[in-house]
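Here are a few exercises to work through with the viewer open. Try each task before you read its solution.

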Amino acid sequence: MKNIREAIELEKQYIQFRLEGKEPFSFANEIKRLGFANLNEYYNAKLDYQISELEFSIEETSPLEAAALIMSYMRQKKNGILLMDTHEVIAYCGSKDFNREYCIENNIPIIDYYSNGGTMIASENEFNIGLVMPHLEGLTSTYILQKIKNILDEYYDEGEVVVDNNDILINGKKVCGATVYPTSEVFGFTAQFSFDDKSELISKICYPSESGSNKEPGFIDKLTRKELREKILLWLTGKEA
């Protein structure tokens, strides 16, 4: 049986031995005694445990207010889960050019998300999440997306759901895009999940050479955004929504 708390204390002891110039024991061998197959399994379990011990403020907000709210949480070093359902079309613009005139003519809000990337389009039926927590060792966009992939794997066949850099693909089509805002102490993360087909809308707003992605857009069709939201909250807090 794996004992993550004892393994974490053992790691602290190992690091202290090294700092004091003492002959360290084999940490890799010791964690096997505690039930871990290798160092990689231990470090993943350690990160899982550290996140499970965090206390999060959970807040419902709108996509129009989310960027400022995430920055506020990060400045305060406050752990937060920000939940956002979209009910209108929104263009999140990065550093790449897009059809601004079309957005203005059609009263589509434009939000600058201060990232070196292309424009992301939200439709009326999407779920966005923002996370702010300490910048723990090993915490990356890939780690979080892999956890969400594990949720989606419950509904899709093996191999259909793939994490590709900051995206999640289902059958080769992009259904989720993520952005990170890391500092040395705080980790900020946002992800946008599509639940309907917005291919036509994207073609009108995003220039192909400037979109920042050559991935075909797709959408999640085997669970609702409410179900996904509840599953993600259960993972992060250990509590039913």
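A disulfide is a pair of cysteine sulfur atoms within 2.5 Å. Keep in mind that this is a predicted model.

**Exercise 1. Cysteines**

Find out how many disulfides the structure holds, and check where cysteine 103 stands.

Solution.
- Start with the count: there are 0 disulfides.
- Now take cysteine 103: its nearest cysteine sulfur belongs to cysteine 206, 8.2 Å away. The cut-off is 2.5 Å, and cysteine 103 is in no disulfide.
- Cysteine 206 gives the matching picture, with the sulfur of cysteine 103 as its nearest at 8.2 Å and no disulfide.
- As for exposure, cysteine 103 has 0% relative accessibility, so it counts as buried. Cysteine 206 is buried too, at 8%.

**Exercise 2. A loop asparagine**

Work out which residues asparagine 99 is in contact with, leaving aside neighbours within four places in sequence.

Solution.
- First place it: asparagine 99 sits in the loop between β3 (90-93) and α5 (100-105).
- Next, its exposure: a relative accessible area of 18% falls under the 20% limit, so asparagine 99 is buried.
- Then list the contacts: Lys204, Ile205 and Tyr207.
- Finally, look at the side chain of asparagine 99, which reaches the backbone oxygen of lysine 204 at 3.2 Å.

**Exercise 3. Helix length**

Compare the expected span of helix α4 (residues 63-76) with the distance between its end C-alpha atoms.

Solution.
- α4 has 14 residues, and at 1.5 Å a residue it should span 20 Å. The multiplier is one less than the number of residues.
- The end C-alpha atoms are 20 Å apart, which agrees.
- Now see which α4 residues are buried: Pro63, Ala66, Leu69, Ile70, Tyr73 and Met74. An α-helix has 3.6 residues a turn, so residues three or four places apart point the same way.
- Just after α4 comes lysine 77, with a positive phi near 55°.

**Exercise 4. Aromatic rings**

Classify the ring pair of phenylalanine 27 and tyrosine 42, then look for a further partner of tyrosine 42.

Solution.
- The structure holds 7 aromatic pairs.
- In this one, the ring centres of phenylalanine 27 and tyrosine 42 are 5.4 Å apart and the planes meet at 80°, so the pair is edge-to-face.
- Phenylalanine 27 belongs to α2 (residues 27-33) and tyrosine 42 to α3 (residues 39-52), so the pair ties together parts 15 residues apart in sequence.
- Tyrosine 42 also pairs edge-to-face with phenylalanine 36, at 5.7 Å centre to centre and 80° between planes. Both phenylalanine 36 and tyrosine 42 are buried.
- Zooming out, ring pairs link Tyr14, Phe17, Phe25, Phe27, Phe36, Tyr42 and Tyr43 into a cluster.

Definitions and conventions: Residues numbered from 1 in each chain as written. Predicted model: local features only at pLDDT ≥ 70, side-chain atom pairs only at ≥ 80, totals over all residues. Heavy atoms only, no water. Buried < 20%, exposed > 50% of the residue type's maximum accessible area, 1.4 Å probe, protein only. Helix = DSSP H or I, 4+ residues; strand = E, 2+ residues; numbered from the N terminus. Polar contact = N/O pair within 3.5 Å; in protein donor to acceptor, adjacent residues only side chain to side chain. Contact = heavy atoms within 4.5 Å. Phe/Tyr/Trp six-rings, centres within 6.5 Å; stacked < 30°, edge-to-face > 60°.
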